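Please look at the structure below before reading on. The explanation that follows begins with a single pair of residues and then widens to the rest of the chain.

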Amino acid sequence: MGKVLVLNASYEPLNITSWRRAVVLVLKEKAEQVEHNGKFVYRDFPLPTVIRLRQYVRVPYKEIPLTRRNLLHRDSHTCQYCGHAGDDLTLDHVMPRSRGGGDTWENMVTACVRCNVKKGNRTPKEARMILKQTPRRPYSSLYFEVTKHLRNGVHQEWRKYVIGM
Ligand SMILES: [Zn+2]
């Protein structure tokens, strides 16, 4: 039946939950329905796709693990040098590891095999290859999760709540 985006009382996105849990929150009046998709759980009760908590909750920042999968997602599965999108993507250390470059969000990008080989043991500047964007740590794990759903083409109605996150 799909997932539901939970907004804080302040309208900031908080997390993603199951529709069942969302319905319970609404029935218990802990949350209000903000968006629904026209389907009904039962008569007069539309299935929510976005709900908002009535009480504000504080949330600590959650680290996003630096993994190949997450790096590929951050870089939209495209080579950060030439824009190529395909199955032959590798991870490139902007400052090569052999020269002290570390495994960090700021030093790792998605690169196609061709660009990775061409760049070799050089910095982008030395290789005269320009990065499409400066690599950085993702804003929040929720932002990460939400953009995954949006890129898969589902829950487009969430989009207006995640702008500027
Ligand atoms: Zn490339």
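In this predicted model, Leu5 stands opposite Val50 in strand E4. The two residues belong to neighbouring strands, since three bridges join E1 to E4. These two strands run parallel. In general terms, strands of a sheet pair through backbone hydrogen bonds, either parallel or antiparallel.

On which strand does E1 have an antiparallel partner? E1 and E2 pair in the antiparallel sense over five bridges. One of the residues involved is Val6, whose bridge partner in E2 is Asn15. Leaving aside neighbours within four places in sequence, Val6 is in contact with Leu14, Asn15, Ile16, Thr17, Ile51 and Leu53. The strands E1 and E2 form a hairpin with five residues between them. Within that turn, Tyr11 has a positive phi of about 75 degrees.

The pairings can now be placed in the whole sheet. It is an open sheet of four strands in the order E2-E1-E4-E3, with mixed pairing. Strand E2 (13–18) and strand E3 (31–42) stand at the edges, and each has a single partner strand, so one side of each is left without a neighbour in the sheet. Neighbouring strands of this sheet are turned by 25 degrees against each other on average, direction ignored.

At the E3 side of the sheet, seven bridges join E3 to E4, and these strands run antiparallel. An example is His36, whose bridge partner in E4 is Pro48. Another residue of E4 (residues 45–53) is Pro46. Is Pro46 buried or exposed, or something between the two? Pro46 is partly exposed, because 15 other C-beta atoms lie within 10 Å, whereas a buried residue would need 20 or more. Not counting residues up to four places away in sequence, Pro46 touches Gln33, His36, Gly38, Lys39 and Phe40. Pro46 and Glu35 are eleven residues apart in sequence, and their C-alpha atoms are 9.1 Å apart in space.

The sheet also meets a helix. Helix H1 lies across E1, E2, E3 and E4, and runs at about 75 degrees to E4.

Attention now turns to the buried parts. E1 is mostly covered, with four of its five residues buried. The largest nonpolar core has 13 residues, of which Val4, Leu5, Val6, Leu7, Ala22, Val50 and Ile51 touch the most other members. The pair described at the start, Leu5 and Val50, is thus found among these residues. Two or more residues of this core come from each of strand E1 (3–7), helix H1 (19–27), E4 and helix H5 (141–151). E1 gives the most to the core, with four residues. A second, separate core of nine residues includes Cys79, Tyr81, Leu89 and Cys112.

How is the chain as a whole divided? Domain 1 covers 3–59 + 140–161, and domain 2 covers 68–119. The C-alpha centres of the two domains lie 34 Å apart. An unreviewed UniProt entry places the feature "domain: HNH nuclease" at residues 66–117. In the model, this span is 23% helix and 19% strand, and the C-alpha atoms at its ends lie 23 Å apart.

Terms used
Residues numbered from 1 in each chain as written. Predicted model: local features only at pLDDT ≥ 70, side-chain atom pairs only at ≥ 80, totals over all residues. Buried ≥ 20, exposed ≤ 12 C-beta atoms within 10 Å, placed from the backbone. Contact = placed C-beta atoms within 7 Å. Core = buried A, V, L, I, M, F, W, Y, C linked by C-beta atoms within 7 Å. Pairing = 2+ DSSP bridges. Axes fitted to C-alpha atoms, helices over the stretch in contact; angles between N-to-C directions. Domains from an automatic or database assignment. UniProt positions renumbered as here; feature names shortened; annotations may be inferred.
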